[in-house]
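Hi,

Here is the structure I promised to send over. Have a look at it first, and then read on for my notes on what turned up.

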Amino acid sequence: MQASDNILSAVRIDKGFPGTKALDKVDFHLQRGEVHALLGENGAGKSTLIKCLTGAYRRDGGSILLDGVEVDPRDTFDAQRLGIGTVYQEVNLLPNLSVAENLFLGRQPRRFGMVDNRAMNRKARELLSEYELELDVTRALASYSVAIQQVVAIARAVDLSGKVLILDEPTASLDAHEVAMLFRIVRRLKARGLGIIFITHFLEQVYEISDRITVLRNGRLVGTRSTADLDRRDLIAMMIGRELAAEINAAHATAAEGEPRYRFRNYGRRGRIAPFDLDVRAGEVVGIAGLLGSGRTETAEVLFGAHRADSGTAEIDGRRVELSSPRAAIRQKFGFCPEDRKTAGIVGDLSVRENIVLALQARRGWTRPISRAEQNRLADLYIQALDIRTADREKPIKLLSGGNQQKAILARWLATEPEFLILDEPTRGIDVGAHAEIVRLIESLREKGMSLIVISSEIEELVAYSTRIVVLRDRAHVAELGGERITADQIVEAIAAANERRVS
Amino acid sequence: MTSIVRTYLARLLPQLIALAAILIAISMTFPGFLNLEIQNGRLYGSLIDILNRGAPVVLLAIGMTVVIATKGIDLSVGAVMAICGAVAASFITSGHSLFETLLITVAVGILCGMWNGLLVAVLDIQPIIATLVLMVAGRGIAQLVTEGAILTFNDPGLIFIGSGSFVGLPMPVVVWLVFGVLVALLVRQSALGMLIEAIGVNRQASTLSGVLTPVLLIAAYMLSGLCAAIAGIIAAADIRGADANNAGLWLELDAILAVVVGGTSLLGGRFSIAASVLGAIIIQAINTGILLSGFPPEFNLIIKAAIIVFILVLQSPRFRTAFAFLAIPRRAPKTTEQEAK
Amino acid sequence: MKQKYLPLTATILIFVLSYALCAAQYPNILSTRVIGNLLTDNAFLGIAAVGMTFVILSGGIDLSVGSVIAFTGVFLAVVLEHTSMHPLVAFALVLAITTLFGALMGMIIHYLEMPAFIVTLAGMFLARGMAFVLSIDSIPIKHPFYATLKGLYYKLPGGGRITLIGGLMLLVFAAGILIAHRTRFGTNVYALGGGTATAKLMGVPVASTTVKIYALSGLLAGLSGIVFSLYTSAGYSLAAVGVELDAITAVVIGGTLLTGGSGFVAGTLVGIFIQGLIQTYITFDGSLSSWWTKILIGALLFAFILLQKGIIHLSRDARQRA
Amino acid sequence: AELVVGFSQIGSESGWRAAETTLTKQQAEQRGIDLKFADAQQKQENQIKAIRSFIAQGVNAILVAPVVATGWDEVLQEAKDAEIPVILLDRTVDASDDLYLTAVTSDLVHEGNVAGKWLADTVAGKPCNVVELQGTTGSSPAIDRKKGFEQALSGHDNLKIIRSQTGDFTRTKGKEVMESFLKAEGGGKNICALYAHNDDMAVGAIQAIKEAGLKPGTDILVVSIDAVPDIFQAMAAGEANATVELTPNMAGPAFDALAAYLKDKKAPAKWIQTESKLYTQADDPMKVYEEKKGLGY
Ligand SMILES: Nc1ncnc2c1ncn2[C@@H]1O[C@H](COP(=O)(O)OP(=O)(O)OP(=O)(O)O)[C@@H](O)[C@H]1O
Ligand SMILES: Nc1ncnc2c1ncn2[C@@H]1O[C@H](COP(=O)(O)OP(=O)(O)OP(=O)(O)O)[C@@H](O)[C@H]1O
Ligand SMILES: [Mg+2]
Ligand SMILES: [Mg+2]
């Protein structure tokens, strides 16, 4: 391979953390005008490699060449100046700043030495219009949904990238429409000769957009291939080091029989979600579909008591219950994996073990501590069962890779042996192997008689495990699909129909 | 078991080293410093003075540790000390029994803590400001009780708490030792410690996991109030009078400093009561050392600041990573062995 | 109206309301004298509070302010007494020292990753300790230049005065507002308050911003010290004890979150006025004992915070219903 | 109309000051004066604010107990311009004396001097090591009482101040510092006398001496300043030897001078010095205690 083709080269990059060798002499070459997918299981070292390339981490060894010249970005500011724009895995924008300020932080247009807010806002609106986003750019970023924040982060990185654009799981919280838009932009940049690094766990997207693929496993380079020459099966084998037993079966589960165990009537909260009726049987998975901001997360939060419902009633087995707080819900054997794991899920400084036992301990009350031996047993059990990649159970959870954090939170709820489990985007950021495992897990939980509500932006996945699907639009429940109607097409149609109605 | 002891010691190592260094430094400038003798059936010496004089800050630091672990801070403890000292003095002088007096005083302290806790947990006011309210008003309340004068008392029981001794140790030392052990056992033998740490690190995630966040927050401030009450009783008993104007003045800063010297982060989360107690003792050792040194008082603050900065710099994450390099050679052979296999 | 202006508006509303209430009881509060006093008497606090606002916006805190004010005063007094240096030169010198002092604290906070609370607490001990070492006596400043500066005021009808230092405070606030909202540095300060790690990933120069923030706070504390020395024509090592807490209170009453990232410099000005108003009211009343004074200050502080919360809460609800 | 007088008090940092406040209020009430009281919480800036507020209110006269000597020219000038007489209580200021009507104070240096003289007379030439508990570092009583005491000791080579530390005017610190003095000086064997800048520190130190197994008043002589009730109890018990009175009734003479001035514009003397009376164990301490007990100390 000619060095001149390579816009960015990383040679023998080493990076170790206490107890972990995150990168072990990894080579990586990015060519001009290519989309290069960087793949691997959770914890393989993808994010770490990115951070070493952009100076967010100091690498322990190896060199980085940009346009054939050795560079050494000391921090992301340096990297930006070199023309490397990056979207990091967790949304890394500042929620307290306005959208426009987030977009132009550090390079605000100035007039007479002062920041020209009007020009900045105008440019921000222009920039976002490319993404079909019409926002009030002077509002705080925090007032927008995760998805919108993600688009803003992408817009910022694209605007910053003169030579290289790095996207670390940018599509995790985006729906099909936004993904398509993102890809249009990526193709345009590619045509302009930029090199683009793209990390994702969605293999369809890899095949749709990428030219080459590099796979990492356990911090080591497995290999780089041309996408066209690598079929899916081989790719998965490269990633997990073995053949995946079976891919997600497309046939959906059969509807459960019998009386609904959980009955919500006219349930809702003003300003968050319009009152809805919902029945869930034992051994049933209710999938929730909808566009971004349609109110899926709100539905989950109201059901779990994270936001108290202000209308309607909830019944379990015909018995009225008050789900006024998460505690009350947990007492009724509810569980809830929130979508935003960074702020609502993980307790960063605590160990993996403590994160796993947290909900169980909270339910037992502080006077009845779970013995250390029992904690260790639970932690080890779930670390093994969910294949959580961690050096040991005492590692602070914030040091785990994103996907492994997600699994640990799932473990937290499984440890409480819930009867009603709400999963908001449980597979976000989870690798193919683990993805299949989680889908299998959902099915086995259902078979054991648990009731589940699963929110996902991946329609295929919803089809795979849902026995019924509720479609949301504009913070209201608008359609319900059951039985034979649970197909990807039908769901898309239901969402689209809703959309059309909105337009008219 | 031994591994638990070892992790415990490892956690306390920086504080122990700092304390040892300070004690050595003092004993070099003042030779009689380490002498201990038995006098009137009690231990007597500068080391005992440090433990004894440190009592209020140690007690405040115990409560402060828990509050800080929840990502809070309690600026009102000095004022609560004054209130409780005043209450104790006024009850004992108005003829109540020692038991009643202590009970009421402790209740008042807990009440003060509850007030703070309610502001923080229920009204969602930022801890510094929430407790600032009581810091400002509290001393006024204490003065209201004593009417600005020093309320002296002669009750031998109450005085005993301040200057009596038990198994050779001054009573304040016994009180904080026992209380510290009790609190440490309470938080570590129950699940409280972990739940408090969880709240401190991520309140939202904890609430969503079913942790009773508001109650635990209020409880943390109540504990801090209780600690302040005991500290207030000791401070009053020590001088046989309640000095509402000066009791506990600026001690909140010393207590916070003690917690930080003890290595607990002001951002909440992981905490260690034992380390905070050591931190408080370190600060008292500095104070006592300055007094023994015979420098003119103009220099007190500068010396204290310099030593504290020095200790904190040694403890700072940057220095610890540098220190960790020294520790690596011990582990390195093991990794190479593993790789060889 | 924008969500983010809510706390500021609430604060202004509360101030106007309580001013009206006070005036209803003591009409003299409306006199230009009281208004002039509000500016002059709080000038040093206001200037220090501007620096504090930046520090708090960035998620930090600066406890050294009061001590730095005292140090500045003593330094000026000693220098002007023992040398023939012109006060303006002395001002420049002392500002350089306090700015450097702030920068040093900023460096320790950033490079050694130590919490601001503790670093500045040590700074507080150190600055006051330095003041003690310079002189424990209170030293009058009798330089004629001081008299000249004090003679500069604009007389309002009714006996009130806008003094040089009162005007200076307003200028500093104006500059502060400009820096906070119209410079890159200002946005970077807010960025740090939103999260240091994220800000770093977004390419904010965290190190230099942190150092600049504390240097600015040191500079303004020094300026505040100069103002204080003009105000009292003296240097005294025990002066301005606890001013940092007053400044923090003003910043928070002004609607800035102590956790950083959200708030306004302008709010701090209102916070200062509210505190000044409380004091004026208590003096006008004149019947409170020492202890009731403290209790009332605490209670009013509480009431203001509560009112602010209430207003914000109500208008948020109203918006949601709409 | 009724006389309105503003009183800017330093704060309430000690029992003595509380007594001064009480007596000022009492005196005002007796004379039918409407007293506007403002507590400055130990801060000069608050005192200046209070005086300005008094001027804005248009009071007839102002009493100030200045927290520090310097920094009053401007605000006093404003009062003068508004033709409001100002009377200083218990401490003087470092300003031209035409800016205020009069100052009712004791002489802080003199107090220290009286204490020192008593000690010199009492030990009568025998060698004696003295330890000193200073007031709050930088406060004028601490500076002046130290100065006066040292003046009295100069020329008495038998008297030597061997240790001097601040006890912040409080009992707690007085006790703590005394403990360290005792440790540092051979368990107290080298100490012959204690001089404390106020009685509160002395009371704390007395306890420390007792707890160290020594007899205060005999093994170690104790002399202090203020004459608060509690020190008389200690003197009655033989644990303290002498105290120099600083009367809390500064307001009485001040109001008298004010009344005379308002009646016929007769300016009083610029300095009305209160007596610095020395009390020893011979002065029937219990009786003085009973007299002083009710004064709000
Ligand atoms: N700051 C850190 N300290 C210690 N270990 C870390 C740190 N950051 C990452 N690691 C470890 O390094 C390994 C690689 O993590 P990385 O985040 O690069 O994985 P990833 O490939 O991005 O995974 P995912 O797909 O889940 O995002 C993991 O084992 C993780 O636990
Ligand atoms: N206009 C808005 N103002 C305030 N908050 C909003 C707004 N839009 C969305 N949010 C917040 O963003 C989060 C996500 O929004 P929502 O729950 O409606 O989306 P969703 O259907 O769950 O889709 P997704 O989870 O994929 O973003 C919620 O916490 C919601 O409160
Ligand atoms: Mg990753
Ligand atoms: Mg969602």
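How many residues surround ligand 1, and which are the closest? There are 21 of them, and the closest are Gly43(A), Lys46(A), Ser47(A), Thr48(A) and Ser401(A). Please keep in mind that this is a predicted model.

Ligand 1

Ser47(A), one of those closest residues, also has a polar contact with the ligand: an N or O atom in its side chain is 2.6 Å from an oxygen atom of ligand 1. The side chain of Gln89(A) does something similar, with an N or O atom 2.8 Å from an oxygen atom of ligand 1. Glu169(A) contributes a polar side-chain atom that lies 3.5 Å from an oxygen atom of ligand 1. On its own, ligand 1 has 640 Å² of accessible area, and the protein covers 91% of that.

Ligand 2

The second ligand has 15 residues around it, and the closest are Ser143(A), Arg296(A), Thr297(A), Glu298(A) and Glu339(A). Sorted by class, this shell holds 7 charged, 6 polar and 2 nonpolar residues. Two of the closest residues reach the ligand through their side chains. For Glu298(A), an N or O atom of the side chain is 2.3 Å from an oxygen atom of ligand 2. For Arg296(A), a polar side-chain atom lies 2.4 Å from an oxygen atom of the ligand. Ser294(A) takes part through its backbone instead, where a polar atom is 3.1 Å from an oxygen atom of ligand 2. Of the 610 Å² of accessible area that ligand 2 has on its own, the protein covers 75%.

How the chains meet

There are 5 pairs of chains that touch, and the pair with the most contacts is B and C. Chains A and D are not joined by any contact; their closest C-alpha atoms are 37 Å apart.

In the interface of chains B and C, 42 residues of chain B are in contact with 40 residues of chain C. Together the two chains bury about 3600 Å², with 84% of that area on carbon and sulfur atoms. The count of salt bridges between chain B and chain C is 0, and 3 residue pairs are in polar contact there, counting pairs with both residues at pLDDT 80 or more.

What does the interface of chain D and chain C hold in the way of salt bridges? The rule finds 5 of them. One joins the side chains of Glu78(D) and Arg161(C), at 3.9 Å from N to O. Across this interface there are also 16 residue pairs in polar contact, with both residues at pLDDT 80 or more. Here 38 residues of chain D are in contact with 42 residues of chain C, and the two chains bury about 3200 Å² between them, 51% of it on carbon and sulfur atoms.

A word on confidence

Chain B has a mean pLDDT of 89, and 94% of its residues reach 70 or more. Within chain B, the pLDDT is below 50 over residues 327–341, and that stretch has 0 contacts in the model beyond near neighbours in sequence.

Happy to go through any of this with you over a coffee.

Best wishes

Methods. Residues numbered from 1 in each chain as written. Chains lettered and ligands numbered in written order. Heavy atoms only, no water. Near = heavy atom within 4 Å. Polar contact = N/O pair within 3.5 Å; in protein donor to acceptor, adjacent residues only side chain to side chain. Areas by Shrake-Rupley, 256 points an atom, 1.4 Å probe, with all protein chains shown as cover. Nonpolar A, V, L, I, M, F, W, Y, C, P; charged D, E, K, R; others polar. pLDDT = per-residue confidence, 0-100. Contact = heavy atoms within 4.5 Å. Buried area = accessible area lost by both parts, 1.4 Å probe. Salt bridge = Lys/Arg side-chain N within 4 Å of Asp/Glu carboxyl O.
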